[in-house]
Amino acid sequence: MTETCRMILDVDTGVDDAMAIFYAVRRPGIQLEALTTTFGNTDTVIATENTLKILELLGRPEIPVAQGVGRSLIRPYKRMADHIHGSNALGDVELPAPKIKATDEHAIDLMIRVIKENPGEITLCPVGPITNVALAITKAPEIAKLVKEIVVMGSTILHPGIHGPIAPMVDANFANDPEAAHIVLQAGANVTLVGMDVTMTTLLSTDMMDEISREGDHAAQTLMKITSFYVDAYKTMYPGIQGCGLHDPLAVAVAEDPSLVGLERMYVDIELNGELTRGSTVADRRRTAIPFHNANVAMTVDRPRFEAEFMALMKGH
Ligand code: CA
């Protein structure tokens, strides 16, 4: 890729968010303009603190962090992922309290401002519930056409979905705010979905983690300590998996290099009312021909290439 990907990364940090921040910061082709925070894996205040901690760990305290919303559009937030991400959402690894602070600007206003100042230049990459993006588009609908692309970690077309007390065929991010996902998909923006169909086939194995712990720098080693809690949770959820899915890092990688995945144009929307299906991505694949599509959906992934690139970045060479 020759063109630099100028990115605003929207995170609910979170173990795999921490890996995604690492990827976005260290990948030469990505210029991380700002991080914005949301609820999801944990509450927004903890997600913000974790994001600041990870930036300090990576030695990049100058990257702006703006805190966003604390709940979905219509339902109050319930913290339900401590068993997956740890009670501090960083695998119960205690990092030093951050010296840097979030900006005074709200995440939504930061998104709108940066996109308007740089028309056609900015890629939004939400890897948590997409409430901040939905509200930014609601407040300033013109940004839908000014943003270069919105690359979303969310959706599942064929994967059975996450474990937990919600409907099958649903990923965690869309489950946490289906209405926000609906708003973003209907906004007329250039949307790419990187969902469980591909993120669950890219695996950080325990062997890969050992290799990173041996060869990576202090930040990479710390990240592997954080990730081991997450991998233990995966053992319970997906017996025999011996690793964890690389959800958020893959979305960041695809934002820079879409050739990592096979994209299918689809007309997709989110089920909002179904008793058994709320939050599920309904894909009308009969309409894959232009102009009846509103999203590019990643259906296949070049797993060896992505994992090799991820490993090279984590090991620093
Ligand atoms: Ca996330």
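Colleague: In which helix is Val45 found?
Modeller: This is a predicted model, and what follows is computed from its atoms. Val45 counts as exposed at 53% relative accessibility, and its C-alpha is 7.9 Å from that of Gly70, a residue 25 places away in sequence. The element that holds Val45, spanning residues 44–57, is helix α2.

Colleague: How many helices and strands does the secondary structure of the protein chain come to?
Modeller: The C-alpha atoms of the protein chain fill a box of roughly 50 × 45 × 40 Å along the principal axes. Within the protein chain, the secondary structure comes to 13 helices and 11 strands.

Colleague: What radius of gyration does the protein chain have, against that of a compact globule with 317 residues?
Modeller: Buried residues make up 59% of the 317 residues, and, of the contacts between residues at least 6 apart in sequence, 81% join residues at least 24 apart. A compact globule with 317 residues would have a radius of gyration near 20 Å, and the value for the protein chain agrees with this, being 18 Å.

Colleague: What share of the accessible surface of the protein chain belongs to carbon and sulfur atoms?
Modeller: The accessible surface of the protein chain comes to about 12700 Å². As for charge, there are 27 positive and 41 negative side chains, with the centres of the two sets lying 1 Å apart. The share of the accessible surface that belongs to carbon and sulfur atoms is 54%.

Colleague: Which residues coordinate the calcium ion?
Modeller: The donors of the calcium ion follow the spacing D-x4-D-x109-V-x120-D along the chain. One of the donors is a backbone oxygen, listed as O of Val127, while the aspartates contribute OD atoms, with Asp17 appearing twice. At 2.3 to 2.7 Å, the coordinating residues are Asp12, Asp17, Val127 and Asp248.

Colleague: How many residues apart are Asp17 and Val127, and which parts of the chain does the pair link?
Modeller: Both residues coordinate the calcium ion. Asp17 belongs to helix α1 (residues 15–26), whereas Val127 sits in the loop between β4 (122–126) and α5 (131–139), so that the pair links distant parts of the chain. Asp17 and Val127 are both buried, and their separation along the chain is 110 residues.

Colleague: Which two residues does the cis peptide bond join?
Modeller: In general, most peptide bonds are trans. Here a cis bond is present with omega of about -20°, and one of its residues, Gly14, lies in the loop between β1 (5–11) and α1. The residues joined are Thr13 and Gly14.

Colleague: Is Ser155, which has a positive phi, buried or exposed?
Modeller: Most residues other than glycine have a negative phi. Ser155 is not a glycine, yet its phi is about 95°, and it is found in the loop between β5 (149–153) and α7 (172–176). Its relative accessible area is 1%, under the 20% cut-off, and Ser155 is therefore buried.

Colleague: Is Gln242 buried or exposed?
Modeller: Gln242 also has a positive phi, of about 50°, although it is not a glycine. Its place is in the loop between α11 (218–237) and β8 (243–245). With a relative accessible area of 57%, over the 50% cut-off, Gln242 is exposed.

Colleague: How many residues of helix α12 are buried?
Modeller: Helix α12 covers residues 247–256 and is largely enclosed by the rest of the structure. Its buried residues include Asp248, which is also one of the residues that coordinate the calcium ion. The number buried is 10 of the 10.

Colleague: Which elements are included in what covers the buried residues of α4?
Modeller: In helix α4 (residues 107–117), the buried residues are Ala107, Ile108, Leu110, Met111, Ile112, Val114 and Ile115. What covers them includes β1, β2 (30–37), β3 (65–67), β4, α5 and α6 (143–146).

Colleague: Which residues of helix α4 are among the contacts of Asn132?
Modeller: Asn132 has its place in helix α5 and is buried, with a relative accessible area of 0%. Leaving aside neighbours within four places in sequence, its contacts include Asp10, Thr37, Gly68 and His106. Those contacts also include residues of α4, namely Ala107, Ile108 and Met111.

Definitions and conventions: Residues are numbered from 1 along each chain as its sequence is written. This is a predicted model: local features need pLDDT of at least 70, side-chain atom pairs count only at pLDDT 80 or more; totals for chains, interfaces and linings use all residues. Side-chain values use heavy atoms; hydrogens and water are left out. Donors are N, O and S atoms within 2.8 Å of the metal (3.2 Å for Na, K and Ca); water is not among the atoms, so sites may look incomplete. Helices (H or I, at least four residues) and strands (E, at least two) are DSSP runs, numbered from the N terminus. Buried means under 20% relative accessible area, exposed over 50%, partly exposed in between (1.4 Å probe, protein chains only). The radius of gyration is taken over C-alpha atoms; the globule rule is 2.2 Å times the number of residues to the power 0.38. Contact means heavy atoms within 4.5 Å. Accessible areas come from the Shrake-Rupley method with a 1.4 Å probe; for residues, only the protein chains shown count as cover. Lys and Arg count as positive and Asp and Glu as negative; His and the chain ends are not counted. The place of a charge is taken as NZ of Lys, CZ of Arg, CG of Asp or CD of Glu.
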